[in-house]
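User: I would like to go through this model and understand why each label in its description applies. Please set the values against the cut-offs as we go.

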Amino acid sequence: MAEIHSLVPAAKEGDKSAFSQLYQEIYKDLYKFAFYCLKNETDAEDAVSEAVMDAWENLPKLREDGAFRAWMFKILSAKCKRKMKSYSQRRDETELSEVEIPVSDSREDSLELRRAMAQLSEEERLIVSLTVFGGYDSGEIAKMLNLNRNTVRSKHSRALAKLREALA
């Protein structure tokens, strides 16, 4: 983590190599987050790419160097929310079970988890993904999603209960 803090100032000055290293540190978590939110491999890749491009263009605006990871997830969250909104307009989502992504050691466990996540609402997937892949607490998620902290906690709790039931 200390390395990330030293790379941010260089990246802010236009050092592409420093930005690339920052991206390498978090790209797996970004992709997993986007994939579990969007349930579509291509859309997840697109969302991450768009978020990275926006981050590169706006990096000089990042006020606190230590907030780089949270800032990236906030950008990605906005991209995912936009794509999820377009899903409800298009109604042509790809089934989660049709996409392969290794997220656990066992392929069966991975498929079972993806099916369980698919049963959650878009907002529940977003909250769980921000918690699991982003490492955010309810207060941080509440700010990102413009929700009350207690609302986030209750939605998170209900989503976890649904996951437990689906995985039982």
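User: Where in the fold is Arg125 found?

Analyst: This is a predicted model, and in it Arg125 is found in helix H6, which covers residues 122-132.

User: Why is Arg125 said to have no salt bridge?

Analyst: A salt bridge requires a side-chain nitrogen of Lys or Arg within 4 Å of a carboxyl oxygen of Asp or Glu. For Arg125, which is buried, the nearest side chain of opposite charge is that of Glu122, at 4.7 Å, so the pair does not meet the cut-off of 4 Å.

User: What does the side chain of Arg125 reach instead, and which residues is Arg125 in contact with?

Analyst: The side chain of Arg125 reaches two backbone oxygens, that of Leu120 at 2.9 Å and that of Tyr36 at 3.2 Å. Both values fall within the 3.5 Å used for a polar contact. When neighbours within four places in sequence are left aside, the residues in contact with Arg125 are Tyr36, Cys37, Lys39, Met84, Met117, Ala118 and Leu120.

User: How many salt bridges does the rule give, and what makes Arg69 and Asp29 one of them?

Analyst: The count comes to six salt bridges. The side chains of Arg69 and Asp29 meet at 3.0 Å, N to O, and because the cut-off is 4 Å, the pair qualifies. Arg69 lies in helix H4 (residues 68-90) and Asp29 in helix H2 (residues 16-38), so this salt bridge ties together parts that are 40 residues apart in sequence.

User: Why are Arg69 and Asp29 called partly exposed?

Analyst: The label covers relative accessible areas between the limits of 20% and 50%. Arg69 has a value of 22% and Asp29 one of 25%, so each of them counts as partly exposed.

User: What makes Asp54 and Lys79 a salt bridge, and why do Asp54 and Lys79 carry the labels partly exposed and buried?

Analyst: Their side chains meet at 2.5 Å, N to O, which satisfies the 4 Å rule. Asp54 lies in helix H3 (residues 41-58) and Lys79 in helix H4, so the pair joins parts that are 25 residues apart in sequence. Asp54, with a relative accessible area of 26%, is partly exposed, whereas Lys79 has 12% and is therefore buried, the limit being under 20%.

User: How do you know that Lys155 and Glu123 form a salt bridge, and which helices does the pair tie together?

Analyst: The side chains of Lys155 and Glu123 meet at 2.4 Å, N to O, again within 4 Å. Lys155 belongs to helix H8 (residues 149-167) and Glu123 to helix H6, so parts that are 32 residues apart in sequence are tied together. Glu123 is partly exposed, with a relative accessible area of 28%.

User: Why is H7 described as roughly perpendicular to H8?

Analyst: The axes of helix H7 (residues 138-145) and H8 come within 8 Å and cross at roughly 110 degrees. Angles from 65 to 115 degrees count as roughly perpendicular, so H7 and H8 receive that description. The contact is made by Ser138, Gly139, Ile141 and Ala142 of H7, together with Arg149, Val152 and Arg153 of H8.

User: What is the overall make-up of the protein, and what share of its residues counts as buried?

Analyst: The protein has eight helices and zero strands, and of its 168 residues, 39% count as buried. Among contacts with a separation of 6 or more, 66% are between residues 24 or more positions apart.

Notes
Residues numbered from 1 in each chain as written. Predicted model: local features only at pLDDT ≥ 70, side-chain atom pairs only at ≥ 80, totals over all residues. Heavy atoms only, no water. Helix = DSSP H or I, 4+ residues; strand = E, 2+ residues; numbered from the N terminus. Buried < 20%, exposed > 50% of the residue type's maximum accessible area, 1.4 Å probe, protein only. Lys, Arg positive; Asp, Glu negative; His and termini not counted. Polar contact = N/O pair within 3.5 Å; in protein donor to acceptor, adjacent residues only side chain to side chain. Contact = heavy atoms within 4.5 Å. Axes fitted to C-alpha atoms, helices over the stretch in contact; angles between N-to-C directions. Parallel < 35°, antiparallel > 145°, perpendicular 65-115°, else oblique.
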